[in-house]
Amino acid sequence: MASFKHCFVLSMLVALSFSSFEMSTAARQLLQAPAAPLPTIPPLPKVTLPPLPSIPSLPTLPKPTLPPLPSTQIPSLPTAPKVTLPPLPTSIPSIPNIPTTIPTFPFFSPPPSN
(Lines give C-alpha, C1' and ligand atoms only; values in the text may rest on other atoms or scores of the structure.)
Protein backbone atom coordinates (compact mmCIF):
# COMPACT_ATOMS: atom_id res chain seq x y z
CA MET A 1 0.00 0.00 0.00
CA ALA A 2 2.90 2.32 0.72
CA SER A 3 4.15 2.17 -2.86
CA PHE A 4 0.65 3.06 -4.10
CA LYS A 5 0.65 6.16 -1.89
CA HIS A 6 4.04 7.19 -3.24
CA CYS A 7 2.88 6.73 -6.83
CA PHE A 8 -0.27 8.74 -6.12
CA VAL A 9 1.67 11.60 -4.54
CA LEU A 10 4.15 11.61 -7.40
CA SER A 11 1.38 11.71 -10.01
CA MET A 12 -0.29 14.58 -8.18
CA LEU A 13 2.98 16.54 -8.16
CA VAL A 14 3.44 15.98 -11.89
CA ALA A 15 -0.15 17.09 -12.57
CA LEU A 16 0.29 20.23 -10.50
CA SER A 17 3.58 21.11 -12.19
CA PHE A 18 2.00 20.79 -15.62
CA SER A 19 -0.95 22.93 -14.65
CA SER A 20 1.10 25.78 -13.24
CA PHE A 21 0.46 29.33 -14.42
CA GLU A 22 3.94 29.84 -15.86
CA MET A 23 3.69 26.70 -17.92
CA SER A 24 0.40 27.72 -19.48
CA THR A 25 1.58 31.25 -20.29
CA ALA A 26 4.75 29.92 -21.87
CA ALA A 27 2.71 27.56 -24.02
CA ARG A 28 0.42 30.42 -25.09
CA GLN A 29 3.42 32.57 -26.03
CA LEU A 30 4.85 29.76 -28.11
CA LEU A 31 1.54 29.30 -29.89
CA GLN A 32 1.12 33.02 -30.63
CA ALA A 33 4.72 33.63 -31.73
CA PRO A 34 5.28 33.92 -35.50
CA ALA A 35 6.74 30.82 -37.04
CA ALA A 36 10.46 31.11 -37.69
CA PRO A 37 11.55 30.30 -41.24
CA LEU A 38 13.06 26.89 -41.65
CA PRO A 39 16.74 26.79 -42.57
CA THR A 40 17.50 25.88 -46.17
CA ILE A 41 19.23 22.59 -46.78
CA PRO A 42 22.17 22.82 -49.17
CA PRO A 43 21.90 20.57 -52.22
CA LEU A 44 23.75 17.31 -51.91
CA PRO A 45 26.30 16.42 -54.59
CA LYS A 46 25.28 13.79 -57.13
CA VAL A 47 27.25 10.62 -56.70
CA THR A 48 27.88 8.38 -59.66
CA LEU A 49 28.19 4.72 -58.91
CA PRO A 50 30.76 2.59 -60.69
CA PRO A 51 29.30 0.05 -63.12
CA LEU A 52 28.57 -3.37 -61.74
CA PRO A 53 31.05 -6.08 -62.72
CA SER A 54 29.82 -8.49 -65.32
CA ILE A 55 29.05 -12.02 -64.21
CA PRO A 56 31.27 -14.55 -65.96
CA SER A 57 29.40 -17.26 -67.77
CA LEU A 58 29.45 -20.63 -66.09
CA PRO A 59 30.84 -23.59 -67.99
CA THR A 60 28.20 -26.02 -69.10
CA LEU A 61 28.49 -29.49 -67.68
CA PRO A 62 27.68 -32.60 -69.71
CA LYS A 63 24.37 -34.19 -68.81
CA PRO A 64 24.90 -37.58 -67.19
CA THR A 65 23.15 -40.56 -68.70
CA LEU A 66 21.84 -43.16 -66.32
CA PRO A 67 22.04 -46.88 -67.10
CA PRO A 68 18.69 -48.55 -67.71
CA LEU A 69 17.02 -50.02 -64.65
CA PRO A 70 16.86 -53.80 -64.46
CA SER A 71 13.41 -55.16 -65.01
CA THR A 72 11.97 -56.98 -62.04
CA GLN A 73 8.90 -59.11 -61.96
CA ILE A 74 6.47 -58.08 -59.24
CA PRO A 75 4.86 -61.17 -57.72
CA SER A 76 1.10 -61.20 -57.85
CA LEU A 77 -0.74 -60.84 -54.58
CA PRO A 78 -2.83 -63.74 -53.34
CA THR A 79 -6.55 -63.23 -53.68
CA ALA A 80 -8.80 -63.33 -50.64
CA PRO A 81 -11.57 -65.92 -50.61
CA LYS A 82 -15.10 -64.67 -51.21
CA VAL A 83 -17.04 -64.22 -47.99
CA THR A 84 -20.79 -64.17 -47.81
CA LEU A 85 -22.34 -61.99 -45.12
CA PRO A 86 -25.42 -63.06 -43.19
CA PRO A 87 -28.63 -61.30 -44.22
CA LEU A 88 -29.59 -58.11 -42.40
CA PRO A 89 -32.42 -58.38 -39.84
CA THR A 90 -35.75 -57.15 -41.12
CA SER A 91 -36.89 -55.56 -37.84
CA ILE A 92 -34.96 -52.69 -36.25
CA PRO A 93 -34.41 -53.08 -32.51
CA SER A 94 -36.20 -50.49 -30.40
CA ILE A 95 -34.41 -47.89 -28.29
CA PRO A 96 -34.66 -48.66 -24.56
CA ASN A 97 -36.60 -46.24 -22.40
CA ILE A 98 -34.39 -43.77 -20.56
CA PRO A 99 -35.65 -42.62 -17.16
CA THR A 100 -36.29 -38.89 -17.09
CA THR A 101 -36.45 -38.43 -13.32
CA ILE A 102 -33.37 -37.74 -11.27
CA PRO A 103 -33.05 -40.03 -8.29
CA THR A 104 -32.96 -38.33 -4.91
CA PHE A 105 -30.58 -39.27 -2.16
CA PRO A 106 -31.58 -39.09 1.51
CA PHE A 107 -29.65 -36.56 3.58
CA PHE A 108 -28.62 -37.66 7.00
CA SER A 109 -29.11 -35.35 9.94
CA PRO A 110 -25.94 -34.03 11.57
CA PRO A 111 -24.84 -35.57 14.86
CA PRO A 112 -26.19 -33.85 17.95
CA SER A 113 -23.91 -31.22 19.44
CA ASN A 114 -22.80 -31.64 23.02
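The following dialogue discusses how to read several features of this predicted model.

Student: What does the secondary structure of the protein come to?

Tutor: The assignment gives 2 helices and 0 strands. Helix H1 covers residues 2-18, and helix H2 covers residues 21-32.

Student: How should the radius of gyration of the protein be read?

Tutor: The value is set against that of a compact globule with an equal number of residues. For 114 residues such a globule would have a radius near 13 Å, but the protein has 48 Å. Along its principal axes, the C-alpha trace spans about 105 × 100 × 35 Å.

Student: How many of the residues count as buried?

Tutor: Burial requires under 20% relative accessible area. Of the 114 residues, 0% meet that criterion. The protein exposes about 13500 Å², of which carbon and sulfur atoms supply 72%.

Student: What span does helix H2 reach, and what is expected?

Tutor: The expected span follows from the rise of 1.5 Å a residue. Helix H2, with 12 residues, reaches 17 Å from its first C-alpha to its last, close to the expected 16 Å. The number of buried residues in H2 is 0, so the helix lies largely in the open.

Student: Which residues form a nonpolar patch on the surface?

Tutor: Phe-8, Val-9, Met-12 and Leu-13 form it, and together they have about 390 Å² of accessible area. Met-12 belongs to helix H1. Because its relative accessibility is 42%, Met-12 counts as partly exposed, the class between the 20% and 50% cut-offs.

Student: Is Ser-71 buried or exposed?

Tutor: Ser-71 is exposed, because its relative accessible area is 72% and the class begins over 50%. Ser-71 lies in the segment after H2. Between Ser-71 and Pro-45 there are 73 Å in space, C-alpha to C-alpha, at a sequence separation of 26 residues.

Technical notes. Residues numbered from 1 in each chain as written. Predicted model: local features only at pLDDT ≥ 70, side-chain atom pairs only at ≥ 80, totals over all residues. Heavy atoms only, no water. Patch = residues over 30% accessible without salt bridge, like charges linked within 9 Å, V, L, I, M, F, W, Y side chains within 5 Å. Areas by Shrake-Rupley, 256 points an atom, 1.4 Å probe, with all protein chains shown as cover. Salt bridge = Lys/Arg side-chain N within 4 Å of Asp/Glu carboxyl O. Helix = DSSP H or I, 4+ residues; strand = E, 2+ residues; numbered from the N terminus. Buried < 20%, exposed > 50% of the residue type's maximum accessible area, 1.4 Å probe, protein only. Expected span 1.5 Å × (residues − 1). Rg over C-alpha atoms; globule rule 2.2 N^0.38 Å.
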